[in-house]
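Grab a pencil and get ready to work through some exercises on a protein structure. Try each task yourself before you read the solution.

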Amino acid sequence: MKKILTYFKPYKGRALLGPLFKLLEATFELLVPFVVALIVDKGLGAQVDGEYPFADKPYIFGACALLGAFGIVGLLFSVTAQYFSARTATGVSAGVRKDLFRKMQSLSYKDVDNLGEATMLTRMTSDVDKLQTGINLFLRLFLRSPFIVFGAMVCALIIDRGAFGIFAVSIVALAIVVYTVMLACMPLYKKSQAKLDDVLLSTRENLTGTRVLRAFCREESERGIFDARNERLNKSRKFVGGISAITNPLTFVMINLATIWLLYAGAIRVESGRLTQGEVIALYNLMGQILIELIKLANLIVTVTKAMACGSRIESVLKMQPSIRLCEDSDGEAGAPFIVYEKVCARYNDGGEEALSDVSFTVEKGETVGIIGGTGSGKTTLVQLLPHFYDVSAGRISVDGRDVCEKGMQPFLRERIGVVPQKAQLFKGTIRENLSWGKANATDEELYEALRIAQAETFVREKGGLDAPVEQGGKNFSGGQKQRLTIARAVVREPEILILDDSSSALDYATDASLRQEISKLPMTVFIVSQRTSSVRNADKIVVLDDGKVVGIGKHDELLTTCEVYREIYDSQYDVEKGGAV
Amino acid sequence: MNGVLPPKKPKTFRRIMHYVGRYPLALTGSLLFALITVTASLFVPVFFGDAIDCITQSGIAWDTLRALFWKTGVAVGIASLAQWLTSLCNNRISCNVVRDIRKDAFAKIGALPLQYIDTHPYGDTVSRIIADADQFSDGLLIGFTQFFTGFMTILGTIAFMLITNFKIGLIVVIVTPVSLFVAKFVATHTHKFFKQQTQTRGEQTAFVEEAVSGLKTTKAFAHESENERKFDEINARLEKASFQATFYSSLTNPSTRFVNNLVYAIVALIGALDVVRGAFTVGGLTKFLSYANQYTKPFNEISGVITELKGAFTCASRIFELLDATEEVSDLGNERLEKVDGNVTLENVAFSYDKEKRLIENLSLQVEKGKRVAIVGRTGSGKTTLINLLMRFYDVDQGGVFVEGRDVRAVTRKSLRQNYGMVLQETWLKKGTVRENLKLGNPDCTDEEMYKATKASHAHGFIKRLEKGYDTVLTGGELSEGQKQLLCIARIMLTQPSMLILDEATSSIDTRTERKISDAFSKLMEGRTSFIVAHRLSTIVNADCILVMDAGRVVEQGTHKELLQKGGAYAQLYNGQFA
């Protein structure tokens, strides 16, 4: 929980003031039994033959007025305490959410692949909510209850030393019980929260994959899977609930046995004249207060254990180190070509098969590079290494003579490289907002220019211009439209290096051709990843990949004669009369 | 529900009780054991009060004292056992009810029209089924544990107090409900804050959901700080709403405790004066004071519980909102569509997503069994929409779609879709092993059949190279888009549909591989009616019929040769390929 605790820092004062005011309120509550004892012993005076001849009525009035005053002061203090606790709890959880979000965004591609979207989502939502409830209750009650318990013990000590022993023994015994139950429940809560992740996964998948699942008529079996996961969650919740339900009855039994003991011992001491009846009543009331507090505490422990389980799940994300490797800055190699791939190898999983092996080539400024190859030949991997989205497993990539893993290179890579990923992804908002990802504060002219280049101007105007809405995930655009918008988004930032990762696959040939023509006019170094030879044929340099290896580098015409793979690809696309596949 | 608006929906409370009512045994148990708990524990202060009367400076009545201790022990034993059983019952009810609600909500997802799913953020729906259901569960548990016991404790205490000392009892009974008013006042005023909180939370979940699924794009554009700014803005609003909900709802407890403390002072005063008059004993006063405590405590709790329940109700109503969304037109009672030959007819079909903007109008089409229909057109011309209608993801506004002469609205969706095999451009794989994903459409097929399909679709090679081959768990990052498409193709090969829908099914597959799998594809299409959306004209030239679509209309229809000769829109598109 260490990490979570640091979020209390800005709320240090408030986090302390909350419980402090609670303690003040509790102090007044602890004084109540004393006042009652005084009413009995002093107000009523000695009992003679069942009557109270020495009763002091003004004293009784005064004492009761004091009790009323305690109530008012208690109210003020506890409202203050609630205020500070609520501020702290919501503030801390907002801080945790904020950092979680930042952490999530700082993770590398590889971490994102590993962690999974569903997990990230629960951490940020349900887990933080539970944490917040836990903190709030903790500040309000967790300190108050032990304080009252120990305060009652101290009061008992003041009244009668013998009774103190009874209090001490029972409190220690109770503490052990409460702590044991908490200890037993913690891991169980964690486990059941993990089962909630599964339920969430099912829910998400059935929303994102509705079309496919319905096409396969999988609704029923998906329901079966969900029901099974739901039931597993239910079972584990019931189990842990059953265990934590023991706390309450057990404390009830223990505290009442302690009360019997107390009264018994009290009777002996009253008999020997060492204690008054009023004092026995005070001790009894103190014990009663302990009971009430412990019941509260037991209920609280359930919430707090849950919160702690969630807290540690959150912490494990916060502690994650982005797995990307960074190295120290260098001055760079003077006179090196603009971009150099030097015996580059890459693999996605440690020990897994290499996705790229021994790739070497150079690119000069302003050149257009085509990357072509079959499905799974490593094209995407090759270009994703350039902005340092993934680490190379061997070899080196440099831009302007500097290794892309250098710390100082990272801002440059993000700012000056425009990537259009394979999967066209848009975000809820407007077209303008989506394009402004590429360049904040771009003018309408700039935006329309980019849209024109990306062959998107016509449909954007049809949709109502730059301020037309984009639904979540760009659901209101077709695949081809999304691709063109993502291209415009990259173009508008006028990057030095533009990477088009098979980003025109959903475009028809005519549109694709116009797009390429426009892009070729741009003064950028362009990487075009494609499976179509038509997309790369005009490139200054074409890199042909097959199974993660470079099988040819050159211009279109050269490759047609020298590279068999390239020629096969070319033939498969231009041999129209024979008819290709679908 | 038959697609029409459901009858006036019952109030949230009644719906919750409907779910709770499914567990009559646990419910009865909970009430019964709570009653026992309360009764038994109400005797405890009586015994202790009597015991204190035995302890006077003038002498100790040891025999009575011992007997009282024994009685206390028995009462405590019964009370705690019953309390534990109550908790078990409550736990059972709250867990099961939430499970049932989640189950219904999930089943609901399956029954919602795609239009709902397409237009509602996933994250918001997820937040209803996960976070809201959780908070509801917590609220329900607290409600059950404390509401009933609290209520019964109050009744029991009132009875005991009135019996012991009618006058003081009456005063307490009259004064204490003030705290209930206070609690109600607070609860009414915090409701809007709770609503604000859940709404903002839903908004944030939706944003996070999008940010998470678009994380790679975000990183590629170094857009983190922009996202952070947006997130912080929502987060700040959530913090504020959350603070208001938390703080104002937490006012209940102090205020009611204040009222209780006043009651306590009044009881002490009147009681003490009565003792002086000889109308009351000190033990009786002690009893009364601990009653006043015990009596007011549930008021406290109940008022706290009320705020908790308010929150739970807000969450429940958000789930019910989802459950109340209009479902797809039911196909209950419709006949099954048996295995068809594959004759498909569209008659005067009109359809649009947004009723304001017309899309498909007056579309008629006749496709005989085994024919290959290619649908071409510029992006956004309505090709995918046509598929939505064929698969009955959406229903036509006018006209009809007929398979084997039968209106698709007259047969069950399931039997209709079983006759289709569909591969979409946007691949979707579930989190699970490669094997599970492949067998999605036909879970009963053998491994041999599966290998045959993966070999034919050239997926076998890369699957073998995965860390655990066919048992590799796919979580999202393992495969390229093209590889995913190959998996989806193999997945379809394992089913034996009469009709095929291929929507840009090979857009991410390289042409070399595509060519290699073309034999398998031809075989797959043999004898099957196929609808093919493609941008690669090379894949279309052999189609029996080519539909050229533009702005929701079929502008040209015919074979490759016919259309080329015509020199219209198709010819333009075709020539563009070599531009």
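The exercises below go from whole chains down to single residues, and the model you are looking at is a predicted one.

**Exercise 1. Work out whether chain A is a compact globule or more spread out.**

Step 1: Start with the inventory. Chain A has 21 helices and 12 strands.

Step 2: Get the yardstick. For 582 residues the globule rule gives 25 Å, while the radius of gyration of chain A is 36 Å.

Step 3: Compare. The value for chain A is well over the rule, so chain A is more spread out than a compact globule.

Step 4: Look at the dimensions as well. Along its principal axes, the C-alpha trace of chain A spans about 125 × 50 × 50 Å.

Step 5: Check the inside. Buried residues account for 53% of the 582 residues in chain A. Take the contacts in chain A between residues at least 6 apart in sequence: 77% of them join residues at least 24 apart.

**Exercise 2. Do the same job for chain B: what is its radius of gyration, and what would a compact globule of 579 residues have?**

Step 1: Chain B contains 21 helices and 14 strands.

Step 2: The radius of gyration of chain B is 35 Å, but a compact globule of 579 residues would be near 25 Å.

Step 3: Taken along the principal axes, the box filled by the C-alpha atoms of chain B is roughly 120 × 50 × 50 Å.

Step 4: In chain B, 56% of the 579 residues are buried. Of the contacts in chain B between residues at least 6 apart in sequence, 82% link residues at least 24 apart.

**Exercise 3. Describe how the two chains meet: how many residues of chain B are in contact with chain A?**

Step 1: Count both sides. On chain B there are 155 residues in contact with 149 residues of chain A.

Step 2: Find the top contributor. Helix α3 (residues 62-111) of chain B gives the most to the side of chain B that touches chain A, namely 23 residues.

Step 3: Sort by type. That side of chain B divides into 70 nonpolar, 54 polar and 31 charged residues.

**Exercise 4. Check the length of two helices in chain A, then ask how covered they are.**

Step 1: Take helix α5 (residues 117-142) of chain A. At 1.5 Å a residue, its 26 residues should span 38 Å, and its end C-alpha atoms are 35 Å apart, which agrees.

Step 2: Look for a bend. α5(A) bends by about 35 degrees at R123(A).

Step 3: Now coverage. In α5(A), 24 of the 26 residues are buried, so this helix is largely enclosed by the rest of the structure.

Step 4: Repeat for α11(A). This helix has 42 residues and reaches 58 Å from first C-alpha to last, close to the expected 62 Å. α11(A) bends by about 25 degrees at L300(A), and 32 of its 42 residues are buried.

**Exercise 5. Explore the nonpolar cores: which residues touch the most other members of the largest one?**

Step 1: The largest nonpolar core holds 256 residues, and those touching the most other members are L283(A), I371(A), A488(A), I499(A), V267(B) and A268(B).

Step 2: Helix α11 (residues 277-318) of chain A gives the most to this core, with 21 residues.

Step 3: Zoom in on one member. Not counting residues up to four places away in sequence, V267(B) touches I168(B), V172(B), F288(B), L289(B) and A292(B).

Step 4: There's also a second, separate core of 75 residues, which includes L502(B), A505(B), A543(B) and L563(B).

**Exercise 6. Decide for L485(A) and E347(B) whether each is buried or partly exposed.**

Step 1: Place L485(A). This residue lies in helix α17 (residues 479-491) of chain A.

Step 2: Count neighbours. A residue needs 20 or more to be buried; L485(A) has 25 C-beta neighbours inside 10 Å, so L485(A) counts as buried.

Step 3: Find a partner. A456(A) is 29 residues away along the chain, yet its C-alpha atom is 6.5 Å from that of L485(A).

Step 4: Turn to E347(B), which sits in strand β3 (residues 344-351) of chain B. With 16 other C-beta atoms within 10 Å, E347(B) is partly exposed.

Step 5: List its contacts. Leaving aside neighbours within four places in sequence, E347(B) is in contact with S364(B), G399(B), G400(B) and F402(B).

Technical notes
Residues are numbered from 1 along each chain as its sequence is written. Chains are lettered from A and ligands numbered from 1 in the order in which they are written. This is a predicted model: local features need pLDDT of at least 70, side-chain atom pairs count only at pLDDT 80 or more; totals for chains, interfaces and linings use all residues. Two residues are in contact if their C-beta atoms, placed from the backbone, lie within 7 Å. Helices (H or I, at least four residues) and strands (E, at least two) are DSSP runs, numbered from the N terminus. Ala, Val, Leu, Ile, Met, Phe, Trp, Tyr, Cys and Pro count as nonpolar, Asp, Glu, Lys and Arg as charged, and the others, Gly among them, as polar. The expected span of a helix is 1.5 Å times one less than its number of residues. The bend at a residue is the angle between axes fitted to the seven residues ending there and the seven starting there. A residue is buried if 20 or more other C-beta atoms lie within 10 Å of its own, exposed if 12 or fewer, and partly exposed in between; C-beta atoms are placed from the backbone. A nonpolar core is a set of buried Ala, Val, Leu, Ile, Met, Phe, Trp, Tyr and Cys residues joined through C-beta atoms within 7 Å. The radius of gyration is taken over C-alpha atoms; the globule rule is 2.2 Å times the number of residues to the power 0.38.
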